[in-house]
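Hi,

Here is the structure I said I would pass on. Have a look at it first, and my notes follow underneath.

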Amino acid sequence: MRRPDIIIAIANPQLRTRLIELLEAQAVATQASRNLEDLYELLAQRSSDEMHARSVLVLEEAFIYPHVYEECAHIKAVSRQPLTIVLLVEPRTRTRSDWNGADHILRLPMHVDEIVDRIVGFL
């Protein structure tokens, strides 16, 4: 079975670039999306391609703010394929009990190396 691909949806360009560099250095296939529309197009393309393994989406809260709770569940529904969502959230964000779209929540600030270690651990 193929190793999952990682989709990066990060608003912060420095964080996005560094995550991609570190993941690719570990031979992890990555794809990046610059906005929500691009992400939905990418997921639609992937769902029509039967060759893709399941994917891990690394999603920053700022990328989908202010509708964090609704968007996570919506992204899962749109993907129509096995998708694990790792959500990076700011310390001020309050986790709700009905937050069912994200599989893993990582609270910022967190060093990029630690984020990559956790993501690779989720694979």
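**What I found**

Strand β1 (residues 5–9) and strand β3 (residues 55–60) run parallel and are joined by 5 bridges; strands count as paired here if DSSP finds at least two bridges between them. Within that pairing, Ile 7 has Leu 57 of β3 as its bridge partner. β1 also runs parallel to strand β2 (residues 30–32), with 3 bridges between them, and there Ile 8 sits opposite Ala 32.

Before I go on, a word on the source: this is a predicted model, so local features need pLDDT of at least 70 and side-chain atom pairs count only at pLDDT 80 or more, while totals for chains, interfaces and linings use all residues. Numbering starts from 1 along each chain as its sequence is written, and side-chain values use heavy atoms, with hydrogens and water left out.

Helices (H or I, at least four residues) and strands (E, at least two) are DSSP runs, numbered from the N terminus. On that basis the protein has 5 helices and 5 strands, in the order β-α-β-α-β-α-α-β-β-α along the sequence. β1, α1 and β2 form a right-handed β-α-β unit, meaning that with the strands pointing away from the viewer, the path from the first strand over the helix to the second runs clockwise.

Back to β1, which is mostly covered: 5 of its 5 residues are buried (under 20% relative accessible area; exposed is over 50%, partly exposed in between, with a 1.4 Å probe and protein chains only). Both faces are covered, with Asp 5, Ile 7 and Ala 9 buried on one side and Ile 6 and Ile 8 on the other. Over the whole protein, buried residues make up 46% of the 123.

The residue I'd look at next is Arg 16, in helix α1 (residues 13–25). Arg 16 is buried yet has no salt bridge, that is, no side-chain nitrogen of Lys or Arg within 4 Å of a carboxyl oxygen of Asp or Glu. The nearest side chain of opposite charge is Glu 60, 6.8 Å away (Lys and Arg count as positive, Asp and Glu as negative; His and the chain ends are not counted). Leaving aside residues up to four places away in sequence, Arg 16 touches Ile 8, Ile 10, Ala 11, Ala 32 and Arg 34, where contact means heavy atoms within 4.5 Å. Ile 8 and Ala 32 are the two that stand opposite each other in β1 and β2.

So how many salt bridges does a search of the whole structure find? There are 2:

- Glu 21 with Arg 18, the closest N and O atoms being 3.4 Å apart. Both lie in helix α1, 3 residues apart, or about one turn of the helix. Glu 21 is partly exposed at 42% relative accessible area, and Arg 18 is partly exposed too, at 36%.
- Lys 76 with Asp 103, the closest N and O atoms being 2.7 Å apart. This pair links distant parts of the chain, 27 residues apart: Lys 76 is in helix α4 (residues 68–79) and Asp 103 in the loop between β4 (83–89) and β5 (104–107). Lys 76 is partly exposed at 26% relative accessibility, as is Asp 103 at 38%.

One last number: among contacts between residues at least 6 apart in sequence, 64% join residues at least 24 apart.

Best wishes
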